[in-house]
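Let's take a walk through this structure together, one chain at a time, and then look at how the chains meet. Have the viewer open and turn things around as you read.

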Amino acid sequence: MNGTDVWTLTVIAGLAVVTVLARSFFFISSRPWQLPDWAQRGLQYAPIAALSAVVIPEIITVQGELVSTWQDARLYAAAMGVVAYFWRRDVLITILAGMAVYLPLRLGLGW
Amino acid sequence: MFFRPTLYRHDEFWQGLRDLAPQAPGVAAWGLMTGVAMVKSGMSVAEAVAMTMLVFAGSSQLAAIPLLVAGAPAWVILATGFCVNLRFVVFSLHLRPYLMHLPRWQRMCHGYFTADISYVLFTRRFHQPGASPDERTKQEAYLAGNYFLNWSSWILASLLGVGLANLIPPEWGLGFAGILCLLGIQCSLASSRMRILSAAVAGVAAVVAYHLPLKLNIVVAIAVAVILCLTVEKIRPASREAA
């Protein structure tokens with residue numbers, strides 16, 4: 001059983017505030033206003049950058065060291081997930097296809 | 001707000017609900033996976049339940065998990081969550097004219113509950129903001145019905161996932177399902193060459209800068225990717241249209 005701590009709960013409450021702020025960002029204020037141009041352009045690129053920054057190290061590194069073996073289930077599962085996404089354009093299919101590769105390699109071969 | 005009678009007694013509330021229904025199994029499966037992934041990645045049941053009930057944003061929840069487990073400082077986790085959520089900032093600009101007649105707390109409440117699918121279905125059904133009070137109420141009722149089903153499918157399935165997680169042995173490594181989910185969302189955002197460049201740069205930078213303290217590699221990677229893409233736009237304005 002994992003332990004609960006107050007710090008984590010506080011961060012979770014903070015993330016809830018982040019959800020509200022992001023989802024109602026442009027209608028919090030009653031006055032019409034606009035972001036500066038560079039920030040509007042940045043909105044195009046920041047979400048995918050943030051996801052990639054979290055996801056890529058979780059797939060190709062072990063505690064920040066690049067994987068040194070090809071016998072790592074995560075590599076094949078991620079590749080399968082990407083192929084599945086572009087085949088069906090569906091996030092759920094991505095997860096299912098990726099796990100269908102991940103679990104046998106991990107449980108069967110111990111990768 | 002689905003708890004207001006003027007909305008849930010309206011026909012459009014039920015129309016919104018029906019329009020979301022075909023999507024509900026997908027939302028529920030994703031919620032189930034997120035529930036399992038939260039506990040399997042090292043969060044306690046109480047933390048996972050609090051996250052499900054409060055945060056209601058799958059991608060930022062999943063992105064926050066590895067950072068929480070690694071003990072990253074709060075501002076890094078919140079900043080990462082906000083960046084992952086920036087697509088909603090774009091949606092909110094689009095939804096603004098539809099909601100501005102309402103008091104602020106109601107606008108923010110609608111905003112909180114309106115996730116990706118509801119945004120897409122709502123703006124697909126209503127191309128223009130309502131011109132009369134009746135039309136506006138109709139649109140509001142549709143939105144509320146739509147996100148009510150989305151929210152309840154998500155919450156119930158996540159809680160079920162949290163409950164089931166302890167029955168699954170940790171060796172299965174089911175936390176990885178959360179990473180695959182983020183990977184799928186990442187692919188769905190890869191709609192232009194410039195965005196793919198942003199993802200590639202951020203991925204490489206996050207690995208290269210991995211050993212920075214406080215999980216700052218995430219923040220550095222986002223900053224490097226965005227600055228580089230904006231610079232490429234400056235140098236080659238044609239890339240801007242392509243974005």
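In chain B, in which helix is confidence lowest, and in which is it highest? The low end is helix α14 (residues 238–242) of chain B, with a mean of 70, while helix α12 (residues 193–208) of chain B sits at the top with 95. Those scores matter here since this is a predicted model. Across chain B as a whole, pLDDT averages 88, and 98% of the residues score at least 70. For the model overall, the scores are ipTM 0.87 and pTM 0.78.

Let's stay with chain B for a while. If you go hunting for strands in chain B you'll come back with zero, but you'll find 14 helices. Reading along the sequence of chain B, then, you get helix after helix: α-α-α-α-α-α-α-α-α-α-α-α-α-α. How compact is a chain like that? The radius of gyration of chain B is 20 Å, and the globule rule gives 18 Å for 243 residues, which is close, so chain B is as compact as a globular protein of that length. If you'd like a box to picture, the C-alpha atoms of chain B fill one of roughly 55 × 55 × 30 Å along the principal axes. Inside, 51% of the 243 residues of chain B count as buried. Take the contacts in chain B with a separation of 6 or more: 75% of them join residues that are 24 or more positions apart.

Now split chain B up. It is divided into domain 1 (5–171) and domain 2 (190–242). Measure over C-alpha atoms and the centres of these two domains of chain B are 27 Å apart. Where they touch, eight residues of domain 1 of chain B are in contact with six residues of domain 2 of chain B. On the domain 1 side, α5 (58–70) and α6 (74–84) of chain B are the elements that give two or more residues. Of these, α6(B) has the largest share, with four residues. By class, that domain 1 side has seven nonpolar residues, one polar and no charged ones.

One helix of chain B is worth a closer look. Helix α13 (residues 216–235) of chain B has 20 residues and reaches 28 Å from its first C-alpha to its last, close to the 28 Å expected at 1.5 Å a residue. Several residues of α13(B) are buried, among them Ile218(B), Val219(B), Ile222(B), Val226(B) and Cys229(B). Don't expect just greasy names there, though: Asn217(B) and Glu233(B) are also on the buried list for α13(B).

Over to chain A. Its secondary structure comes to four helices and two strands, and along the sequence chain A reads α-α-β-β-α-α. How does the radius of gyration of chain A sit beside that of a compact globule of 111 residues? The globule would be near 13 Å, but chain A has 19 Å. The box filled by the C-alpha atoms of chain A is roughly 60 × 40 × 25 Å along the principal axes. Of the 111 residues of chain A, 39% count as buried. As for the contacts in chain A with a separation of 6 or more, residues 24 or more positions apart account for 30% of them.

While you're on chain A, check two backbone spots. Most residues other than glycine have a negative phi. Gln63(A) is not a glycine, yet its phi is positive, at about 50 degrees. You'll find Gln63(A) in the loop between β1 (61–62) and β2 (65–66) of chain A, and it is exposed, with 8 other C-beta atoms within 10 Å. The other spot is Arg89(A), also not a glycine, with a positive phi of about 55 degrees. Arg89(A) is in the loop between α3 and α4 of chain A, and with 12 C-beta neighbours inside 10 Å it counts as exposed.

Finally, put the chains together. How many residues does each chain bring to the contact? Chain A brings 61 residues and chain B brings 81. On the chain A side, α1 (6–23), α2 (37–60), α3 (73–88) and α4 (91–108) each supply at least two residues. The most comes from α2(A), with 21 residues. Sorted by class, the side of chain A that touches chain B has 41 nonpolar, 15 polar and five charged residues.

Key: Residues numbered from 1 in each chain as written. Chains lettered and ligands numbered in written order. Predicted model: local features only at pLDDT ≥ 70, side-chain atom pairs only at ≥ 80, totals over all residues. Contact = placed C-beta atoms within 7 Å. Nonpolar A, V, L, I, M, F, W, Y, C, P; charged D, E, K, R; others polar. Domains from an automatic or database assignment. Rg over C-alpha atoms; globule rule 2.2 N^0.38 Å. Buried ≥ 20, exposed ≤ 12 C-beta atoms within 10 Å, placed from the backbone. pLDDT = per-residue confidence, 0-100. Expected span 1.5 Å × (residues − 1).
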